[in-house]
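Colleague: I'd like a close look at one part of this model, the strand pairing, and whatever sits around it. Walk me through it slowly, please.

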Amino acid sequence: MEINTMEEKMNEENTEEVKVLEAQMKCLQAEVEALQCQKQDMCFHFRGPMQDALAHVCGQRQGRGKERVLSRLKEEVQKLEEDLKRQTQMNGITLNSCTTTTLQSSDSKLVQQLCVSGHVSELFFQVEFQLSEVKEHQKSERKISDLNVVLDSTDLQNFSNFVSRVEENRDLLLFFRTLRSFSNRCEDRCRTFQHFQEKYPSVVSLPGGPRSEVMTLNHPELPGCVLFVHWSVDVSREGVVAPKIDLLTKIPETALRLFPSQAVGGAGEAFQSLLRVVGPEAAIESIIRAVSLSQDI
């Protein structure tokens, strides 16, 4: 009997503990629901100054994000400009503008019309062409078509055949490489002409300016006797650039009677021999000294 009584008491105590736990659980659930309601109020029910303050803080954060993006973009632009400057210094080609127009765009093919303009020293150019990019699987292939080259200069008669070949073969690399080489040879001629004009102003004249192909030599005491140094820069159809320097004479008939015709007629050949031995500058200076009739002018 005593054992049964003890079991009944234990069951009653357990039942009371269960009831207490259930009551505590209900209280906790009520607290959770109350906190959830407070959270919703905090998230969605701000009004007046509090709402304005939150909007201001969020705006500041967004503004800081935009500033960081703009800062990164400026850094990237500066790096690109520095890289372009280095490329210009290395290859001598300055690009003034580049426009791109999309003619066709799909997942597998992209066709664009490009127009690039710039200059190499004093030579201005404009290049137009179509660039097609075809994607197949994980590979892509680019092709150039409809190439058109325009050069803004009056001294490029020898360039016409070369430009025709470039347009036929769509070889932009050959065009820019040859254009730079041609420009360098023209700069060499210009510097040489200017040097001799400054050194021998009474004998040397440049009727077409330092960038022209002709330099005239005449002595004040020999009127009508003129020597012409014709310095052209030839470009082959294959893109080979080579200077061509000739000595031409203009002698009055009265002077021809005083000098052997062979000596006057052989001046050009003698100049070519001298040119092959000592080079352009030394050969031209030798002719200038001969015209001056003195070692010092």
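Modeller: Let's start at a turn: Ser121 takes a positive phi near 60 degrees in the hairpin of S2 and S3, where two residues lie between the strands. Keep in mind that this is a predicted model. The two arms of that hairpin, S2 and strand S3 (residues 123–136), are antiparallel and share twelve bridges. If you want a spot to click on, Val116 has Val127 in S3 as its bridge partner. S2 (residues 109–120) also pairs with strand S1 (residues 94–105), again in the antiparallel sense, over ten bridges. S1 and S2 make a hairpin too, with three residues between them, and Thr102 stands opposite Gln112 in S2.

Further along there's an open sheet of four strands, ordered S5-S6-S7-S8, with antiparallel pairing. Its edges are strand S5 (204–205) and strand S8 (241–250), each of which pairs on one side only. S5 is joined to strand S6 (residues 214–217) by two bridges, the two running antiparallel; in S6, Leu217 is the bridge partner of Val204. Packed on this sheet is H4, which touches S5, S6, strand S7 (226–235) and S8, and whose direction makes about 165 degrees with that of S7.

How does the span of H4 compare with what its 28 residues should give? At 1.5 Å a residue, helix H4 (residues 172–199) should span 40 Å, and the end C-alpha atoms are 41 Å apart, so the two agree. At the start of H4, Asp171 has a side-chain oxygen that reaches to within 3.5 Å of the backbone nitrogen of Leu173.

Conventions. Residues are numbered from 1 along each chain as its sequence is written. This is a predicted model: local features need pLDDT of at least 70, side-chain atom pairs count only at pLDDT 80 or more; totals for chains, interfaces and linings use all residues. Side-chain values use heavy atoms; hydrogens and water are left out. The expected span of a helix is 1.5 Å times one less than its number of residues. A polar contact is a pair of N or O atoms within 3.5 Å; within protein, one must be able to donate a hydrogen and the other to accept it, and residues adjacent in sequence count only if both atoms are side-chain atoms. Two strands pair if DSSP finds at least two bridges between them. Contact means heavy atoms within 4.5 Å. Axes are lines fitted to C-alpha atoms, for helices over the stretch in contact, and angles run from 0 to 180 degrees between N-to-C directions.
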